Amino acid sequence: MDIKVDSHHDSLNAGEEKLPLLKGVAMPNEDTNLVQKAISQTFKSTAHLANLLPTGTVLAFQLLSPIFSNQGNCDSVTRSMTAGLVVLCGLSCFLSSFSDSFRDKKGNVCYGLATFRGLWVIDGSATIPPEVAANYRLRFIDFMHALMSILVFAAIALFDQNVVDCFYPSPSTKAQEVLTALPVGIGALCSMLFIIFPTKRHGIGFPLSAN
């Protein structure tokens, strides 16, 4: 008797699983759905661009941008201040690409700047052997990442409505199209390049390695 009841219950569950969850609701065609997925993925990748930049720099920019630009209502003074903020934050992203970190014998994290000879410890609190420091020397990929960091920060700045309203208060239709499409293009390109050419550096403002 129990076997029959279980079999009947399983058959009911199987029948329920076959029923559509959205009964009577018109579903979009597959072509539109694929396009929507592609667009959604592009914007999601662009939204995560901040993870490729120093956290402190991005946070400072997001906090100071509405203040320096007077929430987009710029005059000559606030426009100069906003331009200075963008330049300083971009320069910070560029220089941070050449920074790196290591752990000393006590397990403390020490930061330094990569040079052509090795790693220069900023505070001088620790020294590393020359043969170990040589592993941190500058490489071509560091300059490539520095350039991409500036492009990524430019994309984030273009997504900031306060900055856009400050420098382009009344953009033309073509300028508006460029301001909308350019950050997405930069985001997609730089995200792909960051994946293809990853960096092993864990500099100032970036997540630390477990080792």
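Biologist: Why is Arg201 called buried?

Modeller: In this predicted model, Arg201 has a relative accessible area of 11%. Buried means under 20%, so Arg201 earns the word.

Biologist: And what makes Asp142 buried?

Modeller: The reasoning runs along similar lines. Asp142 has a relative accessible area of 4%, and the cut-off is under 20%, so Asp142 counts as buried.

Biologist: How do you know that Asp142 forms a salt bridge with Arg201?

Modeller: The closest N and O atoms of Asp142 and Arg201 are 2.8 Å apart. A salt bridge needs a side-chain nitrogen of Lys or Arg within 4 Å of a carboxyl oxygen of Asp or Glu, so this pair qualifies. Asp142 lies in helix α6 and Arg201 in the segment after α8, so the pair ties together parts that are 59 residues apart in sequence.

Biologist: What makes Arg201 and Asp100 a salt bridge?

Modeller: Their N to O distance is 2.9 Å, and the limit is within 4 Å, so they pass too. Asp100 sits in strand β1, 101 residues from Arg201, and is buried. Asp100, Asp142 and Arg201 are thus linked in a network of salt bridges.

Biologist: Now to the helices. How are the axes of α4 and α6 placed?

Modeller: They come within 8 Å and cross at roughly 145 degrees. The crossing is right-handed. Val86, Cys89, Gly90, Cys93 and Phe94 of α4 make the contact with Ala146, Ser149, Ile150 and Phe153 of α6.

Biologist: How many residues of that contact are nonpolar, polar or charged?

Modeller: They divide into 7 nonpolar, 2 polar and no charged. Gly counts as polar, so Gly90 of α4 belongs with the polar ones.

How values were computed
Residues numbered from 1 in each chain as written. Predicted model: local features only at pLDDT ≥ 70, side-chain atom pairs only at ≥ 80, totals over all residues. Heavy atoms only, no water. Axes fitted to C-alpha atoms, helices over the stretch in contact; angles between N-to-C directions. Helix = DSSP H or I, 4+ residues; strand = E, 2+ residues; numbered from the N terminus. Left-handed = near helix turned anticlockwise from the far one by under 90°. Contact = heavy atoms within 4.5 Å. Buried < 20%, exposed > 50% of the residue type's maximum accessible area, 1.4 Å probe, protein only.
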